[in-house]
Amino acid sequence: MPEHHEEDRQKTVCLQTMEPDVIHSNKTSEDCKPLFKENELNEIEEYNFGPNFIKLRPTDGVRELQTVIRDKNTPRTDFIFYADRLIRLIVEEGLNKLPYRKCSVTTPTGQIYNGLRYEKGNCGVSIVRSGEAMEQGLRDCCRSLRIGKILIQSDEDTHDAKVVYANLPKDINQRKVLLMYPIMCTGNTVAKAVKILQQNNVNESNIILLNLFCTPQAANQLVTEFPGMTILTSEVHPVAPSHFGQKYFGTD
């Protein structure tokens with residue numbers, strides 16, 4: 001088969017991939033129906049999912065980014081620009097959870113400065129496809145960081161999440177893992193990915209999930225099933241912007 005035909009086939013397969021946590025705009029799902037009424041939103045945002053569940057500080061700037069991303073009238077170029085800004089904030093917060101070591105450096109004026117450096121032994125893992133939107137933000141902060149991938153699809157008959165492909169660093173069990181997945185409606189996709197990491201002997205406490213939008217249902221499932229995992233998100237809301245991956249990659 002000619003190489004360009006094979007590439008086109010792979011792209012088609014990728015575009016047809018149905019991520020278990022992604023509900024397309026022309027479909028409905030019981031999994032993504034809000035569990036709470038709109039007037040209960042404030043109560044949801046104050047709900048405590050435990051010490052390992054962390055939200056970005058809700059500043060006006062963060063709220064603006066979330067608003068533009070949720071707005072159906074946002075042009076794709078603006079959508080990507082604002083999404084990348086929010087991704088960068090989450091990535092930077094995730095990097096704060098990695099181990100550091102003390103060090104001393106000499107400044108251009110000859111002074112000694114006592115600072116910090118990252119400990120070696122970290123990596124990223126994106127859950128294909130929407131998780132790949134977060135890869136560049138991570139690379140912008142850590143140019144040499146290794147990034148693996150996990151592809152998860154829904155079974156056509158049972159709708160259960162199943163792993164199609166996993167490419168992980170061979171020594172991932174010795175690393176801190178920044179797991180990337182921007183939108184969580186049910187938590188099923190991330191739960192499956194975490195189990196794959198555990199099968200590769202990754203300690204639950206060494207996994208840091210980088211997420212943009214999360215429903216209370218997904219948050220509750222993950223903190224219950226994986227209490228040792230750290231979860232970082234920008235917002236907990238009954239309705240997740242499940243159009244994210246389609247709009248970011250231009251397949252909506």
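A residue counts as buried here when its relative accessible area is under 20%, and the views below, all taken from a predicted model, lean on that cut-off.

**View 1. Strand β11 is covered on both faces.** Take a look at residues 230–233, which form this strand. Thr230 and Leu232 are buried on one side, while Ile231 and Thr233 are buried on the other.

**View 2. Strand β11 pairs with β1 and with β9.** Strand β1 (residues 53–55) runs parallel to β11, joined over 3 bridges, and here Lys55 sits opposite Thr233. Strand β9 (residues 207–210) is also a parallel partner of β11, again over 3 bridges; in this pairing Ile208 has Thr230 as its bridge partner.

**View 3. Three strands make an open parallel sheet in the order β8-β10-β12.** The edges belong to β8 (183–184) and β12 (235–236); each has a single partner strand, so one side of each lacks a neighbour in the sheet. Between β10 (residues 213–214) and β12 there are 2 bridges in the parallel sense, with Cys214 partnered by Val236.

**View 4. Phe244 and Tyr248 form one of the 6 aromatic pairs in the structure.** Their ring centres are 5.8 Å apart and their planes meet at 20°, so this pair is stacked; planes under 30 degrees apart earn that label. Both residues belong to helix α8 (residues 244–249), where a spacing of 4 residues puts them about one turn apart. Phe244 is buried, with a relative accessible area of 0%, and Tyr248 is buried too, at 12%.

**View 5. Ring pairs join four residues into a cluster.** Its members are Phe79, Phe244, Tyr248 and Phe249.

How values were computed
Residues are numbered from 1 along each chain as its sequence is written. This is a predicted model: local features need pLDDT of at least 70, side-chain atom pairs count only at pLDDT 80 or more; totals for chains, interfaces and linings use all residues. Side-chain values use heavy atoms; hydrogens and water are left out. Two strands pair if DSSP finds at least two bridges between them. Buried means under 20% relative accessible area, exposed over 50%, partly exposed in between (1.4 Å probe, protein chains only). Rings of Phe, Tyr and Trp (its six-membered ring) pair if their centres lie within 6.5 Å; planes under 30 degrees apart count as stacked, over 60 as edge-to-face and the rest as tilted.
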